[in-house]
Amino acid sequence: MQRVLVMGCSGSGKSTLGQALARQIGVPYVSLDALYWQPGWKPSDDATFDSKVAAEAAKPTWVIDGNYVRHAGELRRARADTVIWLDLPRWICLFRVLSRIARTYGTVRSDMAAGCPEQFDLEFLHYIWTFRTRQRPRLLSYFAGLREDQRLITIRQNCDVSAVLTQAEVR
């Protein structure tokens, strides 16, 4: 593993796994949320974000956490040797996000852009609740474009995360 995409619903554990995996295999960790959001939860314009993502994806090694398949998604998929898909039940994702909000409300997480403190956002919770019906089909289509030499690892249970970390080769 040298170029790994970690994808899934918010609250599925993408950032936690991505950071741990990057440390384990000795490659840089990239959070797409940190690249996308500007202070005050303002979104980046598409051209700027695409440029940032493309620059990260062009590097020789990385673990990139986040979906954003419309933004340099083809380049990221083409460059990745491994895609880890956290396909956990929505109640787990929702519970984790609500726990995270309660624990870190008002602070900026390490995987988030500066000036974007944790907040309670009903629209975001709705996104999580509807992820399986609205976003999951898009991810399945994205994964269908993987080549035979690329590995797709699907995680459907929390206990499978440690197995992925155990099997990851150290550089």
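**Exercise 1. Charge centres**

Find how far apart the mean positions of the positive and negative charges of the chain are in this predicted model.

*Solution.* Start with the counts: the chain has 23 positive and 17 negative charges. Take the mean position of each set. These two points are 3 Å apart.

**Exercise 2. Overall dimensions**

Test the chain against the rule for a compact globule.

*Solution.* The chain has 171 residues, so a compact globule would have a radius of gyration near 16 Å. The chain itself has 15 Å, which agrees. Next, look along the principal axes: the C-alpha trace spans about 40 × 35 × 30 Å.

**Exercise 3. Burial and surface**

Work out what share of the residues is buried, and what carbon and sulfur supply to the exposed area.

*Solution.* Count a residue as buried when its relative accessible area is under 20%. By that cut-off, 47% of the 171 residues are buried. The chain exposes about 8900 Å². Carbon and sulfur atoms supply 55% of that area.

**Exercise 4. Fold and contact range**

List the secondary structure totals, then give the share of contacts that join residues at least 24 apart.

*Solution.* The chain has 9 helices and 7 strands. Keep the contacts between residues at least 6 apart in sequence. Of these, 72% join residues at least 24 apart.

**Exercise 5. The surroundings of R3**

Place R3 in its strand and trace its partners.

*Solution.* R3 lies in strand 1, which covers residues 3-8. Leave out residues up to four places away in sequence. R3 then touches K59, P60, T61 and W62, along with R79, A80, D81 and T82. Now take the side chain of R3: it reaches the backbone oxygen of R79 at 2.6 Å. Finally, compare R109: R3 and R109 are 106 residues apart in sequence and 24 Å apart in space, C-alpha to C-alpha.

Notes
Residues numbered from 1 in each chain as written. Predicted model: local features only at pLDDT ≥ 70, side-chain atom pairs only at ≥ 80, totals over all residues. Heavy atoms only, no water. Helix = DSSP H or I, 4+ residues; strand = E, 2+ residues; numbered from the N terminus. Contact = heavy atoms within 4.5 Å. Polar contact = N/O pair within 3.5 Å; in protein donor to acceptor, adjacent residues only side chain to side chain. Rg over C-alpha atoms; globule rule 2.2 N^0.38 Å. Buried < 20%, exposed > 50% of the residue type's maximum accessible area, 1.4 Å probe, protein only. Areas by Shrake-Rupley, 256 points an atom, 1.4 Å probe, with all protein chains shown as cover. Lys, Arg positive; Asp, Glu negative; His and termini not counted. Charge placed at Lys NZ, Arg CZ, Asp CG, Glu CD.
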